[in-house]
Amino acid sequence: MNRTLLRFILACLLLPCLWTAAGAQGVSFPDLGGTVPGHEDTTYLDLARMIIPDLAADKDGFYRGSVPIEMRHIEGPDSGGSPPETAGLSNAAALDVKAGGKDRLAMLFDLGGSSDSAEGFAALALYDLAGKPRLLDAVNVAIDRSTYFRDPGKLPIGPGDDVIITLSTHFNSNQGYVSTPLILVRDDRFELIDMIHTFDESLCTYRRTQELAFETVADGQPYAAIKATVTDATMPNGESCDDAAPEASSRDISVTYHWDRTAYVRDSDALDKLAGENAKRF
């Protein structure tokens with residue numbers, strides 16, 4: 001076998017590993033006063049001001065400003081709450097991503113919520129840092145009270161593209177609610193692939209959890225297929241209570257999203273059915 005062919009075969013074998021290595025680079029939490037790498041005259045505060053134009057540090061080092069710029073909600077015009085009248089930040093979350101073969105920076109600013117809204121307001125911003133930093137797109141990704149990048153916050157779907165994953169959540173004494181949007185960056189704009197809802201509860205005799213995991217499957221399309229699996233597990237805790245404990249159990253509910261020329265299409269509504277089952281337990 002000649003050396004060139006051997007190198008080609010080796011590169012093909014290593015490609016999934018390279019995607020994984022790229023995806024392993026995690027979320028960072030830079031100080032807003034810190035300098036953006038490669039831009040000595042630009043701070044993360046300058047980037048944040050593209051979202052909240054009057055954002056400034058107070059005497060305690062906390063950053064405050066008024067309402068953010070206008071932006072759509074990732075689920076569409078009928079979703080999302082109002083931004084707070086006064087925004088406050090101590091830092092922001094940053095994530096390097098690939099989009100269309102280009103390096104991009106995604107930043108997440110959780111601004112809290114307004115007094116008339118049960119959910120928060122979280123701006124997901126996309127920046128081009130190749131030259132003078134530019135804001136390319138911004139969307140509100142808050143579905144619940146608190147919003148974060150998931151760990152990991154991105155999933156490689158090709159050598160030059162990542163899907164971004166955030167989550168919104170809130171908890172009460174014995175229940176936890178999590179909404180997880182899968183977000184594609186295409187033509188430097190955010191597009192929602194799907195919203196996945198999971199629900200945990202801890203009762204006297206048992207704990208029930210729903211763990212979400214993602215993996216990619218190469219299927220010959222420009223973007224790899226994405227398989228989402230929720231492991232729904234019930235675990236008795238051995239406590240003695242009035243109600244009998246259920247038996248230990250576990251089941252996997254999976255949906256695969258395939259790229260279909262212009263959008264990702266899911267192969268079933270199994271996760272929607274799970275969300276409906278969960279709603280009956282709220």
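Okay, one cut-off before anything else: a residue is buried when its relative accessible area is under 20%, exposed when that is over 50%, and partly exposed in between. I'll lean on that throughout. And please keep in mind that what we're looking at is a predicted model.

So, take Trp259. Its relative accessible area is 8%, so Trp259 is buried. It has aromatic company, and we'll come back to that, but let me give you the overall picture.

The protein chain has 3 helices and 18 strands. Of its 282 residues, 44% count as buried. If you take contacts between residues at least 6 apart in sequence, 52% of them join residues at least 24 apart. As for the outside, the chain exposes about 14800 Å², and carbon and sulfur atoms supply 50% of that.

Now the inside. In soluble globular proteins, nonpolar side chains tend to be buried together. Here, the largest nonpolar core has 24 residues, and the ones with the most contacts inside it are Leu32, Ile51, Leu55, Leu89, Met107, Phe109 and Tyr127. Which elements give two or more residues to this core? They are α2, residues 44-49, plus three strands: β6 at 87-89, β8 at 102-110 and β9 at 122-128. The largest share comes from α2, with 4 residues.

If you want one residue to click on, try Leu55. Leaving out anything up to four places away in sequence, Leu55 touches Leu32, Leu45, Ala48, Arg49, Tyr63, Arg64, Gly65 and Leu89. Leu32 and Leu89 on that list are also among the core residues with the most contacts.

Next, a sheet. There's an open one of 5 strands, and reading across, the order is β5-β10-β9-β8-β7, with mixed pairing. Which strands stand at the edges? Those are β5, residues 72-73, and β7, residues 93-99; each has a single partner strand, so one side of each is left without a neighbour in the sheet. Let's look at the β5 end. β5 pairs with β10, residues 134-140, in the parallel sense, over 2 bridges. To find that spot on screen, go to His73: its bridge partner in β10 is Asn140.

Right, back to Trp259 and the aromatics. Searching the whole structure turns up 4 aromatic pairs. Let me show you Tyr223 with Trp259: the ring centres are 4.7 Å apart and the planes sit at 80°, so this pair is edge-to-face. In sequence these two are 36 residues apart, with Tyr223 in the loop between β15 (206-217) and β16 (225-236), and Trp259 in strand β17, residues 249-259. Tyr223 counts as buried too, at 10% relative accessibility.

Trp259 has another ring partner, Tyr264. There the centres are 5.4 Å apart and the planes at 75°, so that pair is edge-to-face as well. Tyr264 is buried, just as Trp259 is. Put together, Tyr223, Trp259 and Tyr264 form one aromatic cluster.

Last topic: charges. The structure holds 16 salt bridges, and I picked a few.

Start with Asp103 and Lys98, whose closest N and O atoms are 2.7 Å apart. Asp103 counts as exposed, at 54% relative accessibility, while Lys98 is partly exposed at 30%.

Then there's Arg189 with Asp137, at 3.8 Å from N to O. Arg189 lies in strand β14, residues 189-202, and Asp137 in β10, so this salt bridge ties together parts that are 52 residues apart in sequence. Is Asp137 buried or exposed? Asp137 is buried, with a relative accessible area of 6%, whereas Arg189 counts as partly exposed at 42%.

The third one is Glu201 with Arg281, at 2.4 Å from N to O. Glu201 is in β14 and Arg281 in the segment after α3 (270-279), which puts the partners 80 residues apart. Glu201 is another buried acid, with a relative accessible area of 7%.

And one group to finish on: Arg104, Asp128, Arg134 and Asp188 are joined into one network by salt bridges that share partners. Okay, that's my tour. Who wants to drive the viewer?

How values were computed. Residues numbered from 1 in each chain as written. Predicted model: local features only at pLDDT ≥ 70, side-chain atom pairs only at ≥ 80, totals over all residues. Heavy atoms only, no water. Core = buried A, V, L, I, M, F, W, Y, C linked by side-chain atoms within 4.5 Å. Buried < 20%, exposed > 50% of the residue type's maximum accessible area, 1.4 Å probe, protein only. Contact = heavy atoms within 4.5 Å. Areas by Shrake-Rupley, 256 points an atom, 1.4 Å probe, with all protein chains shown as cover. Pairing = 2+ DSSP bridges. Phe/Tyr/Trp six-rings, centres within 6.5 Å; stacked < 30°, edge-to-face > 60°. Salt bridge = Lys/Arg side-chain N within 4 Å of Asp/Glu carboxyl O.
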